[in-house]
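Grab your viewer and a coffee: here are some worked exercises on a two-chain model. Try each task before reading its solution.

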Amino acid sequence: MNPLDLHLTRRQLFGLSARGIGIAALASLVGDDLAAAAAGRAQARDAQTGALAGLPHFAPKATRVIFLHQSGGPSQLETFDYKPLLAKYQGTQIPDSVRMGQRVAQTMGQSSLPVARSLFGFSRHGRSGTWVGDLLPHTAKIVDDLTVIKTMHTDAINHDPAITFIQTGFQQPGRPSMGAWFSYGLGSENQNLPAFVVLLSQAHAINADQPLFSRLWGSGFLPSAFQGVRFRGGSSPVLFLDDPPGISKVTRRVMLDAVKALNAMTAEAYGDPEIETRIAQYEMAYRMQTSVPELMDLSKEPESIFEMYGPESRKPGTYAANCLLARRLAERNVRFIQLYHRGWDQHQDLPRDLALQCRGTDQPTAALVTDLKQRGLLDDTLVVWGGEFGRTVFSQGKLTDVNYGRDHHPRNFCMWVAGGGTKRGAVIGETDDFSYNVVSDPVSVHDLQATILHLLGIDHTKLTYRFQGRDFRLTDVHGDVVKTILA
Amino acid sequence: MYTLWKRTVPPASLSTFDAPDREKCAARRAHTNTPLQALTLLNDPTFVEAARALAQRALVEGGRDEKSRLAHAFRLATARKPSGKEMGVLRALLKGRRNWFRKNQAAAMTFLSVGESPRDARLDAAELAAWTTVASVILNLDETITKQ
């Protein structure tokens, strides 16, 4: 054997297979779509939406998702998990009977772990009487539209594995993100915009250092056409939308036709589905030249809308502006709208920084839910709010009457869901008096993912993709639909 | 070629092609394949200018004959000669755009003014504009963009 053969490139491999060599062997190495493409047969898909044949598995309650990821791990103790008894324990060492020797992230070497109560008050809101921290006055007004899950728990204790877990169902990188699975399974209701759009916004907190990586919205082993498309934060969410001066619409079209024809010849020679993706992306780019300016034209949004989302909604790239953009994307039937807001990692100076985070996000978050509701979109749009884990009841660093920090806490944290077939004005689960352990109704990350898939009409055990010899799914081999969340 | 790179903010066009933001180490760069990349390669003035420069090289260095010029441009980008079918697509595009730019001289001039470098004034504007569209197509091929 020629030693060079040991260094087959991807294209060489596809080139061999296109000449009829070893399709079956290839199929065991690569995914269904790759092998199917190499064998010249595509998977059966709906002609209009591109949904896989047989999907959705049953009638969906929601057709789209807006996932408001609060990156860093918002404290449950100041937001939704009210623990009045902590005042009594303020400053005392957390009882061993509560902590049970569980690992901590950054407070490893800390000599004492003193209990810190919330510096901020709580009150009950709505007909449901849900407890909400006083830092979230706007969210408090919409609690009757929410199902608050107080007993989320995760396997990961550090940001990167935890955020990768909640987005992809696995702590190590390489699996498809949730949005990619939806895009792969259900296709798109709008052929002029990507099915999976990602919007990032920067922290309001002063201490904020957790990065975000594009693999969080990657397609993993699914064909790359299903990965999220990140819009930029500035005034131009998509750069270079305009054709160069002197290029007429006809010139642009015939140029793209030539690119397509030539790429198709390469695709035929090598059978690499990445080339098919490239062709599809050039066509999507062409359609986005019209659809994105229309999406971004806020001139017809009335003043009252900007007031509702708050002052930052006029500033492109902020969380508030992204919430408004999320509504506009939802109106245009974009399948999965993923927001990331940075800055929720309050190891220190929690009272200051958590207040800043809440002030920056509370109003636009509530406005988004209200706005969807008044347009009748909340019925079939699932909104999800939350971070990758919670925070410890004990203080990280020095506890004083006015200042403290909190370390990572994977054992319980709060998220909420709204719309899309979920209960309105409900609370799921209970934690102990220290908000340290789940007492009843635990909801794992895989349970939440299974439930989100269920609401979109997908049996989470049946949406699979064969890769490296086994069928993968978002929920791996875990997850149960949380029936108590369903309306 | 030089560009401004702020410490944690890569130039926008490079971000579109997965440049790490350098906030943390990146052991391996992510690979994406998005419509945003298509828009950058088609419309970013840097790449429009690059297409014009490639067109100029094809016309100046590629011999006298249209086919040898097209083959030269194609080979500079892909390291191989175009097949007969590929040559057919390129020639059809060139012919159509040549006719159009001859009737739309002003459009040719504005198209050729994109970028920092002046156009090669020895070359006919409509001809160079038509060749620039062909060069842009070559620079946008999957084979050109993808390292194999």
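**Exercise 1. An unusual peptide bond**

In which loop of chain A does A:Pro56 lie?

Solution. Keep in mind that this is a predicted model.
- Step 1: place the residue. A:Pro56 sits in the loop between helix H3 (32-38) and strand E1 (64-70) of chain A.
- Step 2: check the bond that joins A:Leu55 and A:Pro56. That peptide bond is cis, with omega at about -5 degrees.
- Step 3: put it in context. Most peptide bonds are trans.

**Exercise 2. Two aspartates with positive phi**

Find out whether A:Asp441 and B:Asp18 are buried, partly exposed or exposed.

Solution.
- Step 1: look at the backbone. Phi is near 55 degrees for A:Asp441 and near 70 degrees for B:Asp18. Most residues other than glycine have a negative phi.
- Step 2: locate both. A:Asp441 belongs to the loop between strand E14 (438-440) and strand E15 (443-444) of chain A. B:Asp18 is in the loop between helix H1 (12-16) and helix H2 (35-43) of chain B.
- Step 3: apply the cut-offs, where buried means under 20% relative accessible area and exposed means over 50%. A:Asp441 has 46% relative accessibility, so it counts as partly exposed. B:Asp18 has 13%, so it counts as buried.

**Exercise 3. Surroundings of a histidine**

Which polar contact joins the side chain of A:His409 to another side chain?

Solution.
- Step 1: find the residue in strand E10 (residues 405-409) of chain A.
- Step 2: check its cover. A:His409 has a relative accessible area of 1%, so it is buried.
- Step 3: list the polar partners. The side chains of A:His409 and A:Asn412 make a polar contact of 2.8 Å. In addition, a polar atom of the A:His409 side chain lies 3.1 Å from the backbone oxygen of A:Tyr436.
- Step 4: widen the search. Leaving aside neighbours within four places in sequence, the contacts of A:His409 include A:Gln76, A:Phe389, A:Arg391 and A:Ser435.

**Exercise 4. The nonpolar cores**

Which residues touch the most other members of the largest nonpolar core?

Solution.
- Step 1: take the 101 residues of this core. A:Leu68, A:Leu329, A:Trp416 and B:Phe101 touch the most other members.
- Step 2: ask where the core's residues come from. The largest share, ten residues, is supplied by helix H7 (residues 125-139) of chain B.
- Step 3: zoom in on A:Leu68. Not counting neighbours within four places in sequence, its contacts include A:Tyr319, A:Leu339, A:Val383, A:Trp385 and A:Trp416.
- Step 4: look for a separate core. Another one, of 49 residues, lies apart from the largest, and A:Leu52, A:Leu216, A:Met415 and A:Val482 are among its members.

**Exercise 5. Chain B and an enclosed helix**

Work out why H2(B) is largely enclosed by the rest of the structure.

Solution.
- Step 1: get the layout of the chain. Chain B has eight helices and zero strands, and its C-alpha trace spans about 50 × 35 × 25 Å along its principal axes.
- Step 2: get the chain-wide burial. Of its 148 residues, 47% count as buried. The accessible surface of chain B comes to about 8,000 Å², and 54% of that belongs to carbon and sulfur atoms.
- Step 3: turn to the helix. Nine of the nine residues of H2(B) are buried, so the helix is largely enclosed. Among them are B:Pro35, B:Gln37, B:Thr40 and B:Asn43.
- Step 4: identify the cover. From chain A it includes strand E6 (229-231), helix H9 (249-270) and helix H10 (273-296). From chain B it includes H1, helix H3 (45-61) and helix H8 (142-145).
- Step 5: finish with charges. Chain B carries 24 positive and 15 negative side chains, and the centres of the two sets are 3 Å apart.

**Exercise 6. A buried phenylalanine**

Is A:Phe306 buried or exposed?

Solution.
- Step 1: place it in helix H11 (residues 303-309) of chain A.
- Step 2: read off the area. A:Phe306 has a relative accessible area of 7%, so it is buried.
- Step 3: collect its contacts beyond four places in sequence. They are A:Leu298, A:Glu301, A:Ser313, A:Arg314 and A:Leu324.

Terms used. Residues are numbered from 1 along each chain as its sequence is written. Chains are lettered from A and ligands numbered from 1 in the order in which they are written. This is a predicted model: local features need pLDDT of at least 70, side-chain atom pairs count only at pLDDT 80 or more; totals for chains, interfaces and linings use all residues. Side-chain values use heavy atoms; hydrogens and water are left out. A nonpolar core is a set of buried Ala, Val, Leu, Ile, Met, Phe, Trp, Tyr and Cys residues joined through side-chain atoms within 4.5 Å. Buried means under 20% relative accessible area, exposed over 50%, partly exposed in between (1.4 Å probe, protein chains only). Helices (H or I, at least four residues) and strands (E, at least two) are DSSP runs, numbered from the N terminus. Contact means heavy atoms within 4.5 Å. Accessible areas come from the Shrake-Rupley method with a 1.4 Å probe; for residues, only the protein chains shown count as cover. Lys and Arg count as positive and Asp and Glu as negative; His and the chain ends are not counted. The place of a charge is taken as NZ of Lys, CZ of Arg, CG of Asp or CD of Glu. A polar contact is a pair of N or O atoms within 3.5 Å; within protein, one must be able to donate a hydrogen and the other to accept it, and residues adjacent in sequence count only if both atoms are side-chain atoms.
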